Amino acid sequence: MLAMNFRGPFRVRADYDQPYPEIEHPGDAIVRVLRSCICGSDLHLYHGLVPDTRVGSTFGHEFVGEIVETGSSVQNVKVGDKVMVPFNIACGKCAFCKQELYGNCHEANAQSTAAGGIFGYSHTAGGYNGGQAEYVRVPYADVGPTVIPDWMDPDDAVLLTDVVPTGYQAAEMGGIQEGDTVVVFGAGPIGIMAAKCAWLFGAGRVIVIDQLDYRLEFAENYAQCEVYNFKMLEDPVVFIKKQTDSLGADVCIDAVGAEAAGNKMNSLMGRKLLLQGGSTTALHWAINSVKKGGIVSIVGVYGPTDALVPIGNVLNKGITIRANQASVKRLLPRLIKHVESGVIDPKAMITHRIPLEEVAEGYHIFSRKLDNCIKPVLIPPSA
């Protein structure tokens with residue numbers, strides 16, 4: 001079958017000779033992929049920043065498709081169902097799944113003490129092949145896959161597998177109160193969605209910080225927020241303080257993660273020399289921009305190695321930090337309602353629809369921020 005094949009940093013290709021997935025457990029399902037996305041998190045893999053990303057891997061943790069085969073014990077979905085598949089792989093029965101912490105499942109990635117199981121996200125996240133392929137094996141098929149409502153566009157559904165719930169949970173973890181000032185670092189799809197969702201929790205002011213004007217313009221239009229290019233600011237932290245009567249923002253959201261620009265030393269240590277789990281510039285800005293007693297919400301992805309964080313400022317300012325992979329399954333029922341009512345329009349974020357055969361060009365466009373790319377979707381020929 002056709003699938004994306006990782007050949008090393010900055011090298012991917014469309015491989016027509018990948019083996020078809022097979023049922024390996026009675027709880028598995030095989031899904032024929034209809035849509036998959038390239039995520040900003042995939043770029044961390046593509047750029048060689050995530051340990052144990054092995055040559056031959058197939059990426060892709062955002063996908064929807066049609067079930068074509070099920071294991072003998074699967075009961076909640078059947079052949080022919082069109083489903084959205086959360087990016088977290090969750091057993092539904094462990095101590096963490098019972099708390100609806102599906103991104104922290106203890107069984108899907110049992111050899112890890114931190115990361116849960118994630119489709120197509122290196123062997124640190126379980127070594128599962130992802131959905132940038134014509135077909136994919138989906139474990140625990142009675143837990144994750146959710147049938148797509150008949151009225152829903154598949155372009156909306158595919159963004160409900162990661163972008164919408166991650167942006168929503170970023171705002172939710174911020175504990176936003178009525179009238180709060182919320183600052184989002186990063187105007188990628190997750191940051192834009194976090195800004196959009198901040199209004200749903202009662203924010204009185206939403207500010208997005210990034211370095212690319214086309215992304216800021218998109219964020220301003222999509223999320224109806226204030227936008228600022230940090231290259232035009234002498235110091236983003238001082239700027240936020242001046243915007244908030246010297247107190248700081250009520251909530252800061254780090255939607256950037258390991259590849260944050262803005263500080264040469266951090267970029268050198270985390271992105272070039274790989275001496276820490278990515279560049280922590282956005283996290284520094286968030287911690288230093290938030291008010292005393294404020295909340296920092298982290299959804300930007302960092303590597304599992306150590307990172308330099310100003311923990312003394314966290315202590316002395318009394319900051320609460322909340323961070324996690326989004327619990328997609330928990331959030332889907334309310335997010336489906338938001339899409340149905342028109343409160344959230346996920347597919348409006350899609351700027352590029354790319355044949356799976358051209359996956360290498362898709363990664364190049366998205367990585368290099370070419371052609372005003374916000375969110376690329378891959379479409380397999382069999383779709």
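**Strand pairing, core and a buried aspartate in a predicted model**

Over residues 26-145 of this predicted model, the chain is 6% helix and 24% strand, with the end C-alpha atoms 15 Å apart. This stretch is covered by the annotation "domain: Alcohol dehydrogenase-like N-terminal", which comes from an unreviewed UniProt entry.

Further along the chain, strand β16 (residues 352-355), helix α11 (residues 359-367) and strand β17 make up a β-α-β unit, and this unit is right-handed. The pairing of β16 with β17 (residues 376-379) is parallel and runs over four bridges; R353, for instance, has V377 of β17 as its bridge partner. In a regular strand, side chains alternate between the two faces of the sheet. Strand β16 has H352 and I354 on its covered face, while R353 and P355 lie on the uncovered one.

Next comes the nonpolar core. In soluble globular proteins, nonpolar side chains tend to be buried together. The largest such core here holds 76 residues, and the members that touch the most others are M84, L160 and Y363. Helix α4 (residues 189-198) supplies the largest share of this core, with seven residues. Leaving aside residues up to four places away in sequence, Y363 is in contact with M4, V12, I38, D42, L43, Y46, F59 and Q132.

A charged residue deserves a look too. D156 is part of helix α2 (residues 154-159). Its relative accessible area is 6%, and because this falls under the 20% cut-off, D156 counts as buried. With residues up to four places away in sequence again left out, the contacts of D156 are V339, D345, P346 and K347.

Definitions and conventions. Residues are numbered from 1 along each chain as its sequence is written. This is a predicted model: local features need pLDDT of at least 70, side-chain atom pairs count only at pLDDT 80 or more; totals for chains, interfaces and linings use all residues. Side-chain values use heavy atoms; hydrogens and water are left out. Helices (H or I, at least four residues) and strands (E, at least two) are DSSP runs, numbered from the N terminus. Buried means under 20% relative accessible area, exposed over 50%, partly exposed in between (1.4 Å probe, protein chains only). Contact means heavy atoms within 4.5 Å. Two strands pair if DSSP finds at least two bridges between them. A crossover is right-handed if, with the strands pointing away from the viewer, the path from the first strand over the helix to the second runs clockwise. UniProt positions are given in the numbering used here, feature names are shortened, and annotations may be inferred rather than shown by experiment. A nonpolar core is a set of buried Ala, Val, Leu, Ile, Met, Phe, Trp, Tyr and Cys residues joined through side-chain atoms within 4.5 Å.
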